[in-house]
Amino acid sequence: MSAHDADAVTDTAAPTDPQDKRRWIALAIVMTAAFMDLVDATIVNIAIPSIERDLGASFGAIQWITAGYALAFAAGLITGGRLGDIYGRKRLFLLGTAGFTLASALCGFAANQEMLVGSRLLQGAAAAMMVPQVLSIIHVTFPAHERGKVFGMFGAIIGLGAVSGPLLGALLTQWNIAGLEWRPIFLINLPVGIAGLLLGRKFITESKAPKALRLDMVGVLLVTAALLMLIYPLTRGRELDWPLWGHLMMAGSLVVFGALVAYEKYKTKKDGSPLIELSLFRVKSFAAGIAVQLTFGVVMGIFFLVWTLYMQIGLGWSPLRAGLTGVPFSIAVSTAAGLSVQKLVPRFGRKVLQAGALTMIAGVLLYLFEAGRYGTGIASWQMIPPLVVMGLGMGLIVAPLTDAVLSDVPKEHAGSASGLINTTGQMGNALGLGLVSVVFFGVIDGKPAPKSPTEAGLAFADAFQNAMGWVAGVLALIFLVMFALPAKPKQHLEGGDGGEYGDGGDGDGDGVIEKEPVLAH
């Protein structure tokens, strides 16, 4: 969102009459959609070994099943928010929900790995239309005095989604309902999506920006092309023995990123409506925050995939055992996230985020020690201490990061900045998933072909330790970059809407961002 758009984001719809009970049904609908998206982003990892066995999927395809969703979601996130402002938030929400439901059905009935990868890309693109509308709809549906309670409920839903995704995936895979193995993790979205469509049409109030906004399609195409040119060779390179064209594509992605910057400068001068507001990067804290968000996304992309492969393929654990092992981690993240925002950040500022990075490093090093000491004989209970330490560190980072990054952003660009922060996180996640080929599978490929399950397990344990070493190194870099964040984030930000909900304004015309939760994938 450019400066010229700053006042173009107040909504045509006034908040709903407080006596109207229908608004609570609308809230339940959009919260369910956000929950569905959150769960779907985390539920897949736990079912990956089952997908691999059932479809005979290659490890490259496995990476695309996870990275494809993140990539499509990242590429469409800011655009989805802008489309909602132009054509109506309700309309885009319903369209995104319909696409997400259809894509879930295609994923659930996928006949081969190619169909599943394509369906996941479609699912991510649909989520990019659906998710940015959620907070915008809440803004125009509830008066200001009710939003504190509403966002408290929303935060609880997000915490529940983070905890329940892996566990739900484990249960659905383990139960093997009707012999469908992993497929119910996608098919469960069908009744939820259909109910959301039917009820959403009836209970959600339409709203849009009163002034016509422009959509930067060239910017969308350039950023998507640059990301594909970088991530596709990373995920396919290992299987194809790292061909020359792959290296040329990755080098070419830098040229396309350069072209994107040049075009966005031109677009700013032409009509003031670029996809990316480049002036934001002159704000030191914002530029540093984007770097933190990108690298932290890389960490998460690497860790969650290699962790699943290590437990289920390397150690031979069932999906349920792997899912239950991860529950303490999720609880630790949720606990530390709530504590950091409410108690710690107001008092200690950026030191809380830096403490989070150091705590995560300590957890990673403890995990490295235990994986090396116990090898393939490691037990679930032995993983709990490093996972809890890592989870506490992650919670101290993810919750307050957005506020810290936005602290010094001019009020007219707050909405655009919020969209960029979360888009960057998704890009980092997709890049991390692509890098798994290098930091994890590169170790396995460098060893002789295993002659027994024990040898295979040891190879996966070594690869896991190598990947975790990289994770610790990146976290150390994040700790150093955090010194460029503001020492004490401001308590209130003026301007647009926060979170990964697009680049529109706060939707109620009051010019203040209330404390809003940010979905993290």
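Buried means under 20% relative accessible area, exposed means over 50%, and partly exposed is what falls in between. Keep those cut-offs in mind as you click around, and remember that this is a predicted model.

**Stop 1: the loop between helix 9 and helix 10**

Start by selecting Trp 242, which sits in the loop between helix 9 and helix 10. At 33% relative accessibility, Trp 242 falls between the two cut-offs and so counts as partly exposed. Now look at its backbone: Trp 242 has a positive phi of about 45°, although it is not a glycine. Why is that worth a pause? Because most residues other than glycine have a negative phi.

Next, select Asp 241, which belongs to the loop joining helix 9 (217-237) to helix 10 (244-271). Asp 241 is not a glycine either, yet its phi is positive, at about 60°. Is Asp 241 buried or exposed? Its relative accessibility is 65%, so Asp 241 counts as exposed.

**Stop 2: into helix 10**

Move on to Leu 248, in helix 10. With 55% relative accessibility, Leu 248 counts as exposed. Add Met 229 to your selection and draw a distance between the two C-alpha atoms: Leu 248 and Met 229 are 19 residues apart along the chain, and their C-alpha atoms are separated by 9.1 Å.

**Stop 3: two salt bridges**

How many salt bridges are there to find? The count comes to two.

For one of them, show the side chains of Arg 120 and Asp 40, which meet in a salt bridge with an N to O distance of 3.1 Å. Arg 120 belongs to helix 4 and Asp 40 to helix 1 (residues 22-55), so this pair ties together parts that are 80 residues apart in sequence. If you have a surface switched on, hide it for this view: Arg 120 is buried, and Asp 40 is buried too.

Then select Asp 54 and Arg 183, which also form a salt bridge, with their closest N and O atoms 3.5 Å apart. Asp 54 is in helix 1, while Arg 183 is in the loop between helix 6 (144-175) and helix 7 (184-187), so here the pair ties together parts that are 129 residues apart in sequence. What about accessibility on each side of this pair? Asp 54 has 34% relative accessibility and counts as partly exposed, whereas Arg 183, at 15%, counts as buried.

**Stop 4: a nonpolar patch on the surface**

Turn the surface on again and select Leu 102, Leu 106, Met 115 and Leu 122. These four make a nonpolar surface patch of about 310 Å². Which helices supply the patch? Helix 3 (89-108) and helix 4 (113-130) each contribute at least two of its residues. Zoom in on Leu 122, in helix 4. At 37% relative accessibility, Leu 122 counts as partly exposed.

**Stop 5: helices that pass each other**

Stay with helix 3 and colour helix 8 (residues 189-203) as well. The axes of helix 3 and helix 8 come within 9 Å and cross at roughly 160°. That angle makes helix 3 roughly antiparallel to helix 8. In handedness, the crossing of helix 3 and helix 8 is left-handed.

Now colour helix 11 (residues 284-314) and helix 18 (residues 453-481). Their axes come within 9 Å and cross at roughly 165°, which means that helix 11 is roughly antiparallel to helix 18. Helix 11 also passes helix 18 in a left-handed crossing.

**Stop 6: two pairs far apart in sequence**

Select Trp 64, in helix 2 (residues 59-87). Is Trp 64 buried or exposed? Its relative accessibility is 8%, so Trp 64 counts as buried. Add Thr 235: Trp 64 and Thr 235 are 171 residues apart in sequence, and in space they are 7.1 Å apart, C-alpha to C-alpha.

Finish with Pro 166, in helix 6. Pro 166 has 21% relative accessibility and therefore counts as partly exposed. Its partner for this last view is Pro 319: the two prolines are 153 residues apart in sequence, with 9.2 Å from C-alpha to C-alpha.

Terms used: Residues are numbered from 1 along each chain as its sequence is written. This is a predicted model: local features need pLDDT of at least 70, side-chain atom pairs count only at pLDDT 80 or more; totals for chains, interfaces and linings use all residues. Side-chain values use heavy atoms; hydrogens and water are left out. Patches are made of residues with over 30% relative accessible area and no salt bridge: like charges are joined within 9 Å, nonpolar side chains (Val, Leu, Ile, Met, Phe, Trp, Tyr) within 5 Å. Accessible areas come from the Shrake-Rupley method with a 1.4 Å probe; for residues, only the protein chains shown count as cover. Helices (H or I, at least four residues) and strands (E, at least two) are DSSP runs, numbered from the N terminus. Buried means under 20% relative accessible area, exposed over 50%, partly exposed in between (1.4 Å probe, protein chains only). Axes are lines fitted to C-alpha atoms, for helices over the stretch in contact, and angles run from 0 to 180 degrees between N-to-C directions. Angles under 35 degrees count as roughly parallel, over 145 as roughly antiparallel, 65 to 115 as roughly perpendicular and the rest as oblique. A crossing is left-handed if the near helix is turned anticlockwise from the far one by less than a right angle, and right-handed if clockwise.
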